[in-house]
Amino acid sequence: MENASPININHSQNRQEYISQVVITAGQMRDIEGRIFAAGMPVAALMEKVAGLITLRIQELFSLSRNIYRVGILVGPGHNGGDALVVARELHFRGYEVWIYSPFSKLKELTAQHWQYAQSLGISCYETLEQLPNCDFLIDGLFGFGLERPLTDAIASAINHFNEWQKPIISIDIPSGLHTDTGEVLGTAICATYTLCLGLWKLGLLQDHALEYVGKAELIDFDIPFADVEAILGNTPKIKRITRKTALASLPLPRPAVTHKYKAGHLLLICGSRRYAGGAILTALGARASGVGMLSVAVPESLKSILVSHLPEALIIGCPETESGAILQLQLPENTDLSSFNAIACGPGLTREATPIVREVIESDRTLVLDADGLNILAQLGTIPTLQQRQAATVLTPHTGEFQRLFPDISDAKHDRIQAVREAAAQTGAVVLLKGARTAIANSQGVVWINPESTPALARGGSGDVLTGLLGGLLAQAATKQLPIENIVATAAWWHSQAGILAAQERTELGVDALTLTQYLMSAVRIQQC
Ligand SMILES: NC(=O)C1=CN([C@@H]2O[C@H](COP(=O)(O)OP(=O)(O)OC[C@H]3O[C@@H](n4cnc5c(N)ncnc54)[C@H](OP(=O)(O)O)[C@@H]3O)[C@@H](O)[C@H]2O)[C@@H](O)CC1
Ligand SMILES: Nc1ncnc2c1ncn2[C@@H]1O[C@H](COP(=O)(O)OP(=O)(O)O)[C@@H](O)[C@H]1O
Ligand SMILES: [K+]
C-alpha cells in the first residue's frame with residue numbers, strides 16, 4: 001500500500017498548502033523553535049514578529065472603527081505570557097484601553113522585561129483578580145505549549161472566573177490549560193472564542209474533547225523555514241489535516257471521455273434487515289452520490305421492492321433471510337461472485353445475525369469497508385486474528401463505541417484518539433477511520449489524517465450509513481485507478497462533512513437528517529470545486 005505522498009515544500013506557492021496540512025506536537029515545536037534560535041534568530045525578535053501578527057488579527061476581529069474596546073490581558077510566566085505582553089503594548093499604542101493581569105511572582109526573563117516596559121508606559125498591571133475591571137474581551141496568554149502539569153489553586157480559580165465572565169476570549173497559541181498534544185484539560189482550561197495557533201497546527205486542537213475550549217481556530221503563519229520543519233518532521237509529515245486540495249485530488253473527476261460503467265467501478269453493498277431497512281437505503285444513496293459506475297445492493301428479500309423504488313438504477317439483490325429478517329445467505333446473480341466487484345461495503349443495518357455473511361466477505365480478496373454490525377461481528381470473531389487473514393485492503397469505520405469493542409486493549413480512545421487510531425491501524429494492517437467531531441484516519445504505517453472541519457449537525461442517526469456508501473463508491477472507482485486507499489478514505493470523510501456543513505448553513509444544524517445529507521453531497525463538491 002502506498003504511503004502518503006511527499007508534499008513539495010520547496011516552492012513558495014506550496015507553502016500555504018503545506019502549512020495548512022502539517023500537525024505537530026509540543027516536542028516537535030520545541031525542536032523546530034530550537035533550530036530557528038540556533039540559526040541566529042533572536043528569541044525576542046521572533047516574539048515581536050509573532051505578537052505583531054496576533055495584534056493585526058485582533059485589530060481585525062475587534063476594530064476600533066466600530067467601538068472603543070477595554071481589553072484584559074492574561075499573562076503567564078513563560079513566553080506565551082511574553083507574547084501577550086507585546087500584544088498588550090501594541091494594542092495600547094493603537095488606542096485600546098488595556099489592563100494586564102498576571103498572578104505570577106516569577107516570570108521568564110524576556111517576559112519580565114516586557115512586564116516592566118508595559119508598566120513604564122503607564123499600562124495598568126495587576127496581580128490580583130479583583131483589581132481587573134470589566135473588559136470587553138480578554139486575551140489569554142497564560143500558558144502555551146510549555147504547559148505540562150495540571151493547573152491548581154489560584155490560577156485554576158482565575159481561569160474559572162474568566163470563563164464565567166462570558167466575554168470573548170482570544171487564546172494565544174492554545175487555550176491555557178489544554179495539553180498541547182492530547183487536548184486534555186489539565187485541571188481547568190480557558191474556554192476560548194478564538195484560538196490563534198502559532199506557526200503550525202498543534203495536535204491538541206484537533207482532538208474531540210478540546211473542541212469546546214478551542215472556539216474558532218486560526219493559524220498565524222510566521223514564516224517558519226521549511227528546512228526546519230522538514231528537519232524535524234521529514235518531508236512526509238506523519239499527522240496531517242485533510243485540506244480541500246488534498247480531498248479534491250482524490251475525487252474521480254473528471255471522468256475520461258471514453259469509459260463505461262464497469263470502468264467507473266462496481267460496488268457491492270451488503271446491508272439492511274427487516275428491522276433496519278432505512279440504513280440500507282441511506283447507505284445506497286451515499287454510494288449513488290459517489291458517482292460509482294455500477295451499484296449492486298444485497299439486502300434481505302423482503303427489502304428488495306423498497307430499495308428498487310428508491311434506487312431504480314441499482315441492481316438490488318434480494319437474499320434469503322432469517323426468521324427475523326436478516327440476510328441468511330448471500331445469493332448473488334448467476335455468473336457473479338465476490339470477485340466481480342471492485343469493492344464491497346458491508347454492515348449498516350445487518351444485525352448480528354449476519355455473521356456468516358461478514359465472515360464470507362472478510363475471506364474474499366476484495367477491498368472491503370466494514371461498518372456498524374459488520375464491525376460488531378468482526379469484534380466477536382476476534383478483530384486482529386480475523387483481519388490478519390486478509391490479503392486485500394480493509395477499511396474499518398467505527399465510532400468510539402464500536403472502536404472500543406474492536407480494540408478493548410487500546411485504552412486511549414477517549415484520551416488520545418489520534419494515538420488510538422494509529423495503534424489500531426498498526427495492529428490490524430487496516431485503514432481505520434475513527435468517527436467523531438474530528439474524524440481521524442490512520443494507515444498501518446502510522447500516517448494519520450484528521451478532518452479539521454465538520455458540524456455537529458452530523459450527530460444524527462443514519463449519517464454514518466451515508467458515509468459508508470459514499471466511501472464504498474469512491475473505493476470502487478479508485479480500485480480501477482490504483483489510487484491509495486487512505487487518500488480515498490480521507491476524501492470521503494471530508495466530502496461527507498462538507499455536505500453536512502453546507503446543509504447546516506442552508507437549513508440550520510437541526511435540518512440535516514441523513515436523507516437530506518445525501519442530497520447535499522453533490523452541491524458540496526460543486527461549490528468546493530469552484
Ligand atoms: N515556538 C514558537 O514557535 C514560538 C513560541 N512562542 C510562544 O512561546 C510559548 C511557549 O513558551 P514557553 O516554552 O515559555 O511555555 P509557556 O507555555 O508560556 O509556559 C511555560 C511556563 O509555565 C510554567 N508552568 C507550567 N505548568 C505550570 C502550572 N501547572 N502552574 C504554574 N506554572 C506552570 C512553567 O514553569 P516551570 O515548569 O518552569 O516551573 C513555564 O515557566 C508558545 O506557546 C508561544 O506562545 C512565541 O513567543 C514565538 C514563537
Ligand atoms: N459532533 C460531531 N461533529 C461532527 N461530526 C459528527 C459529530 N458527531 C458525529 N459526527 C459524524 O456523524 C457520523 C455518525 O456516524 P455513526 O455514529 O456511525 O452514525 P449512524 O450509525 O447512526 O449512521 C460520523 O461520520 C461522525 O463523524
Ligand atoms: K494561551
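Here are some notes to help you find your way around this predicted model.

1. Start with the seven-stranded sheet. It is open, its strands run in the order β4-β3-β2-β5-β6-β7-β9, and the pairing is parallel. At the edges you'll find β4 (124-126) and β9 (216-220), each of which pairs on one side only. Going from neighbour to neighbour, the strands are turned by 20° on average, direction ignored.

2. For a closer look at that sheet, try β2 (residues 70-75) and β5 (residues 137-141). These two strands run parallel and are joined by five bridges. If you want one pair of residues to click on, Leu74 stands opposite Asp140 in β5.

3. Next, ligand 1. There are 27 residues around this ligand, and Gly78, His79, Asn80, Gly144 and Gly146 come nearest. Three elements give two or more residues to the shell: α2 (26-38), α3 (43-61) and α4 (79-94). Which of the elements gives the largest share of the shell around ligand 1? That would be α4, with five residues. Sorted by class, the shell around ligand 1 has twelve nonpolar, nine polar and six charged residues.

4. Helix α4 is worth a second look for its packing too. Two packed helices are described by the angle between their axes and the distance between the axes. For α4 and helix α5 (residues 109-120), the angle is about 25° and the axes are 8 Å apart. An angle under 35 degrees counts as roughly parallel, so that is the label for α4 and α5. Their crossing is left-handed. On the α4 side, the contact is made by His79, Gly81, Gly82, Leu85, Val86, Ala88 and Arg89, and on the α5 side by Leu110, Thr111, His114, Trp115, Tyr117 and Ala118. By class, that contact has seven nonpolar, five polar and one charged residues. Notice His79 here: this residue of α4 is part of the contact with α5, and is also listed among those that come nearest to ligand 1.

5. Now for the ten-stranded sheet, which is open as well, but with mixed pairing. Its order is β10-β19-β18-β17-β16-β15-β14-β11-β12-β13. Why do β10 (239-241) and β13 (315-319) each have one side without a neighbour in the sheet? Both stand at the edges with a single partner strand, so nothing in the sheet flanks the other side. The twist averages 15° from one strand to the next.

6. Helix α18 (residues 485-507) packs on this ten-stranded sheet. The strands touched by α18 are β15 (367-370), β16 (394-396), β17 (431-434), β18 (440-442) and β19 (448-450), and the direction of α18 makes about 15° with that of β17. Elsewhere in the sheet, β11 (residues 266-270) and β12 (residues 294-300) pair in the parallel sense over five bridges. Leu267 has Leu295 in β12 as its bridge partner.

7. Two further helix pairs make a nice contrast. The axes of α10 (residues 277-289) and α19 (residues 514-529) come within 9 Å and cross at roughly 5°, so these helices are roughly parallel to each other. Leu282, Leu285, Gly286 and Ala289 of α10 meet Ala514, Leu515, Thr518, Leu521 and Met522 of α19. That contact has seven nonpolar, two polar and no charged residues.

8. The other pair is α12 (residues 355-363) with α13 (residues 373-381). Their axes come within 10 Å and cross at roughly 85°, so α12 and α13 are roughly perpendicular to each other. Thr355, Val358 and Arg359 of α12 are in contact with Gly374, Ile377, Leu378 and Leu381 of α13. By class, these residues divide into four nonpolar, two polar and one charged.

9. Ligand 2 has 18 residues around it, and the closest are Ala437, Ser454, Leu458, Ala459 and Gly464. Helix α17 (residues 463-479) provides the largest share of this shell, four residues. By class, the shell around ligand 2 has six nonpolar, ten polar and two charged residues.

10. Finally, two backbone details. Most residues other than glycine have a negative phi, and most peptide bonds are trans. Leu253 and Pro254, however, are joined by a cis peptide bond, with omega about -10°; Pro254 sits in the loop between α9 (244-249) and β11. Asp173 has a positive phi of about 75° although it is not a glycine, and lies in the loop between β6 (169-172) and β7 (194-198).

Notes. Residues are numbered from 1 along each chain as its sequence is written. Chains are lettered from A and ligands numbered from 1 in the order in which they are written. This is a predicted model: local features need pLDDT of at least 70, side-chain atom pairs count only at pLDDT 80 or more; totals for chains, interfaces and linings use all residues. A residue is near a molecule or strand if its C-beta atom, placed from the backbone, lies within 6 Å of it. Ala, Val, Leu, Ile, Met, Phe, Trp, Tyr, Cys and Pro count as nonpolar, Asp, Glu, Lys and Arg as charged, and the others, Gly among them, as polar. Two strands pair if DSSP finds at least two bridges between them. Axes are lines fitted to C-alpha atoms, for helices over the stretch in contact, and angles run from 0 to 180 degrees between N-to-C directions. Two residues are in contact if their C-beta atoms, placed from the backbone, lie within 7 Å. Angles under 35 degrees count as roughly parallel, over 145 as roughly antiparallel, 65 to 115 as roughly perpendicular and the rest as oblique. A crossing is left-handed if the near helix is turned anticlockwise from the far one by less than a right angle, and right-handed if clockwise.
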